[in-house]
Amino acid sequence: YGAPGVEFMGLHEENNTVMQIHFIPDQCQLVTLLDDNSLHLWSLKQHSGASELREEHRFTLKGPPGSPPSATQVTAVLPHSSREVLYLGTESGNIFVVELPSFRVLEDRTITSEAVLQRAPEDYCNRRSCELVEALQEHPKNPDQILIGYSRGLIVLWDLQNNKVTHHFLGSQQLENLYWQRDGSKFISCHYDGSYTQWPVSSDNRHPEPLENFVPYGQLASSPSSIPGFSPLLSHHLLAPCLQHPTETVGEDYQCWEQAEHSLLKYGLSSSFQVLVMELNDEDAEHVVDHAEADLLQDQEGYRWKGHEKLKTRDGPVRFEAGFQPFVLVQCQPPAVVTSLALHSEWKLVAFGTSHGFGLFDHQQKRLVFVKCTLHPSDQLALEGPLSRVKSLKKSLRQSFRRIRRSRVSGRKRRGGSGNASEVQEANAKFDQDTLQEMELAPVQRKIEARSAEDSFTGFVRTLYFADTFLRDSSRHCPSLWAGTNGGTVYAFCLRVPPAERRMDEPVRAEQAKEIQLMHRAPVVGILVLDGRSNPLPEPLEVAHDLSKSPDMQGSHQLLVVSEEQFKVFTLPKVSSKLKLKLTALEGCRVRKVTVANFGSCKTDDYSENDLAVLTNLGDIQIISLPFLKLQIRYPCIRKEDVSGIASCVFTKYGQGFYLISPSEFERFSLSTKWLVEPRCVVD
């Protein structure tokens, strides 16, 4: 379960949008709901040596003759844990029960809106209170009870055995979703205005009042609220936008997640910077979250922060549910947007960067190792508050997404029909047009000219990188931290990490060893060290678990620095220039994303090579060889006008990638002949 490479694909015969997907518990089956109101049952079958999804049945809920389409327009689907029935909530407020796998309607078990309103308070005893079932959730401890949420805010707990309501929860805001707490003692309702409410469930009170109501997003919410994964650590609720689902790539905040062993590192690009380090715990826990502060302007004269103040930390212990639980919080001064992050799980170190500099934190000893200010005297804009360029891009994308979401909500887009495709196309076209108005497009071909050190935001830290390499001399290698800035500067620090037996007793020490200034001063977007065989240094956890070969520490190492305009290889430890590839001068484009990809042979398992996969601002992808920097092939991938697609693009380590083709859809591609965009696996 959850192993890499386990994937399936099913294709509907109808060319309709898939609105919902639901798994049937423990059955290797799932149900899809299309925008034409049809339901489809899929099963996992083996065929030609691979497992694939096959459609078993299809079904469309029909109402009595003469009834309006809304009477049977499905808005919510609940596969029951018994694996025998589906509960289908509709726009009319009625809930139909269909048998699996036949899709036969069990008419005697229909839950009508009239039955729901029995014994409800007079204020709610009208038909409109039960219009449109927004959410259905089974009780986590009692399969004979389901939670029913209606769009206007009314929520009821329904007893399936006795066919009656046991509890009325009288909400007033437009409902978006419901989530149970694991023990069934409470649930949370999420609302369109950006708020969420916690409700108690007990046998004593049949009309309970809400326990708490939070508004983490408020009127400027980038999307309807979703339930945060843990209690707020800060007394101010501006932290909550950082707890959105990780797939929310462009919205109120950008996200970066790093997985390592049993810890998870997460940061949010919200208005105040913080790093949370979390551990995986199978049980609930209550503890105080340690707090550290990193002052990136210490010992710097003449700089004064003009932005907002940092968020105040919450005092006392905080209770967390089982799962990822924060154990340390690092806040940066000035409280600016975080621009880069790197985690080394073996050394227990995390590096972070902002528009003012970067720092290194030891999350095992919970101690700040050092900070480095990268501000240039001309970088006054970096002290005004949030980054204006980043902010304009985020603002443009955010506003476009909001317009699309508003149109979806106002029209509800639940009735299907022929308008959907044209609406999406129109929204996407509007999205591109609005975004491009605030973005600088690709430059025409030009010669590389040295940028002035007076350019704003030269100290903006674009990339951070850990490496065990030869930094001081060619006979001894040591841990190191590298940082690249917007002004084309690369900093290298030697690190002394105590051995395991003295790791908690001795501090991690750092000393600056190198500083490289690229002559053209273009932003540094990638740093990479190649070992004695010219292979990129592997991830340490992969080596520890025999997923990667150990690096060659005998031969000479090389340093690759990737800027927006060129690639340059240096020898180590002398940092002498060895060779370079000028991209902007030759191609008229700039680097937007770069990663190392391993390309295997489609004919033999004995051969593979590492190359650079490079996405440019023109939307094409180039494969460049290592270590000789030769262009291998170029693919047109994303339209150059599709700014959101280029900004959202991510690569995998084996030459595949994803990018957004709409606010809610990813396009998948492969650059490798071995790893085709075709799911092939077997599930026993």
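In which sense do strand β20 and β22 pair, and over how many bridges? In this predicted model, strand β20 (residues 290–295) pairs with β22 in the parallel sense, and the pairing extends over six bridges. Within that pairing, alanine 294 stands opposite cysteine 332 in β22.

**Strand β22 and its partners**

Strand β22 covers residues 323–333 and is mostly covered, nine of its eleven residues being buried. Besides its parallel pairing with β20, β22 pairs in the antiparallel sense with strand β18 (residues 274–281), over eight bridges. In that antiparallel pairing, glutamate 279 is the residue that stands opposite glutamine 325 in β22.

**Overall content**

The protein has six helices and 41 strands, and of its 684 residues 51% count as buried. Among the contacts with a separation of 6 or more, residues 24 or more positions apart account for 54%.

**The nonpolar cores**

In soluble globular proteins, nonpolar side chains tend to be buried together. The largest nonpolar core of this model has 35 residues, and those with the most contacts inside it are Tyr465, Trp482, Leu559, Leu560, Phe567, Leu612 and Leu629. At least two residues of this core are supplied by each of β27 (461–469), β28 (478–485), β29 (489–496), β31 (524–530), β32 (558–563), β33 (566–571) and β36 (608–616). The largest share, six residues, comes from β31. This core also draws at least three residues from each of domain 2 (265–298 + 312–377 + 453–581) and domain 3 (607–683).

Leucine 612 illustrates the surroundings of one such core residue: leaving aside its neighbours within four places in sequence, leucine 612 is in contact with Leu528, Leu560, Phe567, Val594, Thr595, Val596, Gln622, Ile623, Ile624 and Leu626. A second, separate core consists of 22 residues, including Val116, Ala120, Trp158 and Leu160.

**Two open sheets**

Four strands form an open sheet in the order β31-β32-β33-β34, with antiparallel pairing. The edge strands are β31 and β34 (577–582), each of which pairs on one side only, and neighbouring strands of this sheet are turned by 15° against each other on average, direction ignored. The antiparallel strands β33 and β34 are joined by five bridges, and phenylalanine 570 stands opposite serine 577 in β34.

Another open sheet is formed by three strands in the order β39-β40-β41, again with antiparallel pairing. Here β39 (650–651) and β41 (665–670) stand at the edges with a single partner strand each, so one side of each is left without a neighbour in the sheet. Two bridges join β39 to strand β40 (residues 656–662), the two running antiparallel, and valine 650 stands opposite phenylalanine 658 in β40.

**Cysteines and the surroundings of leucine 495**

How many disulfides does the count come to? The count comes to zero disulfides, and two cysteines show what lies behind such a result. Because a disulfide requires sulfur atoms within 2.5 Å, the sulfur of cysteine 478, at 3.7 Å from the closest cysteine sulfur, in cysteine 494, is too far for a bond. The sulfur of cysteine 649 is likewise too far for a bond, since the closest cysteine sulfur, in cysteine 637, is 6.0 Å away. Both cysteine 478 and cysteine 649 are buried, and their relative accessible areas are listed below together with that of leucine 495.

| Residue | Relative accessible area | Class |
|---|---|---|
| Cysteine 478 | 16% | buried |
| Cysteine 649 | 1% | buried |
| Leucine 495 | 4% | buried |

Leucine 495 lies in strand β29 and counts as buried because its relative accessibility of 4% falls under the 20% cut-off. The C-alpha atoms of leucine 495 and cysteine 478 are separated by 6.9 Å, although the two residues are 17 residues apart along the chain. Leaving aside its neighbours within four places in sequence, leucine 495 is in contact with Leu349, Leu360, Phe466, Cys478, Pro479, Ser480, Leu481, Arg509 and Ala510. Cysteine 478 is thus described here in two ways, as a contact of leucine 495 and as a buried residue with a relative accessible area of 16%.

Note on methods
Residues numbered from 1 in each chain as written. Predicted model: local features only at pLDDT ≥ 70, side-chain atom pairs only at ≥ 80, totals over all residues. Heavy atoms only, no water. Buried < 20%, exposed > 50% of the residue type's maximum accessible area, 1.4 Å probe, protein only. Pairing = 2+ DSSP bridges. Core = buried A, V, L, I, M, F, W, Y, C linked by side-chain atoms within 4.5 Å. Domains from an automatic or database assignment. Contact = heavy atoms within 4.5 Å. Axes fitted to C-alpha atoms, helices over the stretch in contact; angles between N-to-C directions.
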